[in-house]
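Here is a short report on one protein model. Keep the sequence and the 3D view side by side as you read.

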Amino acid sequence: MQEKIPDCKRTLGVKPVIIEHNESTTVKFIDIGGNKQMQNIWHHQYHASHAIIYLIDSSASDEKHNESISVAKDVLGHRFIQGKPVLVICNKMNGPGYRNPQDIAVDINARNLEESKVKIVEVCVHPSCAGRDGTPDPAIKISMEWLVATIIGDFQAINDRVVHDGNLIEEQRKQNREEKERRLLSSALCKAFGLNGESISVDVFDVADGEDFLAQEVGFKDRHQLPFLATEICSMLRYQRLALLIVATKLNRGKRERGDNLDWDGVKTIVNSIRDELEMPS
């Protein structure tokens, strides 16, 4: 039974596609649109990708072609893409002003890429290029088989990179999150105590309500279940609502990630360091 070619539509947004390559191999493709808005999110997928497919309109105007080549160089030169299998598909080979794969290879500096992991092919994915029986351009299947075989042939090394790069991304996200929380907590303290020109915040609890608020945010029934260290932290924050909420969020996330008790000591250390930065009295 011959495979029929699907309707050719431009990708708008992000479309995951899962294909069973054979009985033991399933391949997940993330098809992402190519407009400028979507290009801004491409990099979020690089670290988790085992390979990349880059589609080039080989019949585009000089202006569009140069723009596409510039983007391709940025993508292929990214640290999370370098060394991974790359399939460059030169589409619209039957269009006017067609550029052959050899010229495109020169344009994207393919010689700087690892030769065994780069394939540049000319295809036509439009239904008008299908055979009389409706089958797609055979170069599409051949190219995909090469890509999957290249991944499988070096899967352990590529997957190790994916795991390593994923850990780097997670560490960076964690660092960014902690820095943001620290800035917000510092700002909340300034508002609670009227520091650095800030007006004293009116969004402040009294002692009992502040302790109850924190207790309930971290899963306790009321303030009477809080350890003494927690009441100290409340006082250090002057019962400012936003500061207490930031502390609760940090405590809950830490408990989820580590699976242990709330880290009151760690939070007190952070609060003390921020107070020191603001030159607040002990």
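**The surface and the whole**

Start on the outside. The accessible surface of the protein comes to about 17,400 Å², and carbon and sulfur atoms account for 50% of it. Keep in mind that this is a predicted model.

Charges come next. The protein has 36 positive and 42 negative charges. Their mean positions lie 2 Å apart.

What does the overall form look like? Along its principal axes, the C-alpha trace spans about 80 × 45 × 35 Å. The radius of gyration is 28 Å, whereas a compact globule of 282 residues would have one near 19 Å. Of the 282 residues, 36% are buried.

The protein has 9 helices and 5 strands. Read along the sequence, their order is β-β-α-β-α-β-α-β-α-α-α-α-α-α. Now look at contacts between residues at least 6 apart in sequence. Of these, 71% join residues at least 24 apart.

**Helix 1 and its two sides**

Find helix 1, residues 36-46. Its residues Met38, Trp42 and Tyr46 are buried. Seen down the helix axis, the buried residues fall within an arc of 100 degrees, so they line one face of helix 1. The face turned away from that buried side carries Gln37 and Asn40, which are exposed.

What do the buried residues of helix 1 pack against? Their partners are strand 1 (14-22), strand 2 (25-32), strand 3 (52-57) and helix 2 (62-76).

**Val14 in strand 1**

Val14 lies in strand 1. Is Val14 buried, exposed or partly exposed? Its relative accessible area is 43%, so Val14 is partly exposed; the partly exposed range runs between 20% and 50%.

Leave aside the neighbours within four places in sequence. Val14 is then in contact with Ile30, Asp31, Ile32, Met38 and Ile41. One of these, Met38, is also a buried residue of helix 1. Pro96 is another story. Val14 and Pro96 are 82 residues apart in sequence, and their C-alpha atoms are 30 Å apart in space.

**Helix 6 and its partners**

Move on to helix 6, residues 207-217. Here Gly210, Glu211, Phe213, Leu214 and Ala215 are buried. The buried residues of helix 6 pack against helix 7, helix 8 and helix 9 (264-277).

**Positive phi angles**

Which residues take a positive phi? The table gives three of them, with their places.

| Residue | Phi | Place |
|---|---|---|
| Gly219 | about 100 degrees | just after helix 6 |
| Arg238 | about 55 degrees | loop between helix 7 (228-236) and helix 8 (241-258) |
| Tyr239 | near 60 degrees | loop between helix 7 and helix 8 |

Arg238 is not a glycine, yet its phi is positive. Tyr239 is likewise a residue other than glycine with a positive phi.

Arg238 and Tyr239 also have their own burial classes. Arg238 has 36% relative accessibility, so it counts as partly exposed. Tyr239 has 12% relative accessibility, so it counts as buried, the limit being under 20%.

**Looking back**

Return to the view once more. Look for the exposed Gln37 and Asn40 on helix 1. Then find the buried Phe213 and Leu214, which are among the buried residues of helix 6. Finish at the loop between helix 7 and helix 8, where Tyr239 is found.

Methods: Residues numbered from 1 in each chain as written. Predicted model: local features only at pLDDT ≥ 70, side-chain atom pairs only at ≥ 80, totals over all residues. Heavy atoms only, no water. Helix = DSSP H or I, 4+ residues; strand = E, 2+ residues; numbered from the N terminus. Rg over C-alpha atoms; globule rule 2.2 N^0.38 Å. Buried < 20%, exposed > 50% of the residue type's maximum accessible area, 1.4 Å probe, protein only. Contact = heavy atoms within 4.5 Å. Areas by Shrake-Rupley, 256 points an atom, 1.4 Å probe, with all protein chains shown as cover. Lys, Arg positive; Asp, Glu negative; His and termini not counted. Charge placed at Lys NZ, Arg CZ, Asp CG, Glu CD. Arc of directions from axis to C-beta.
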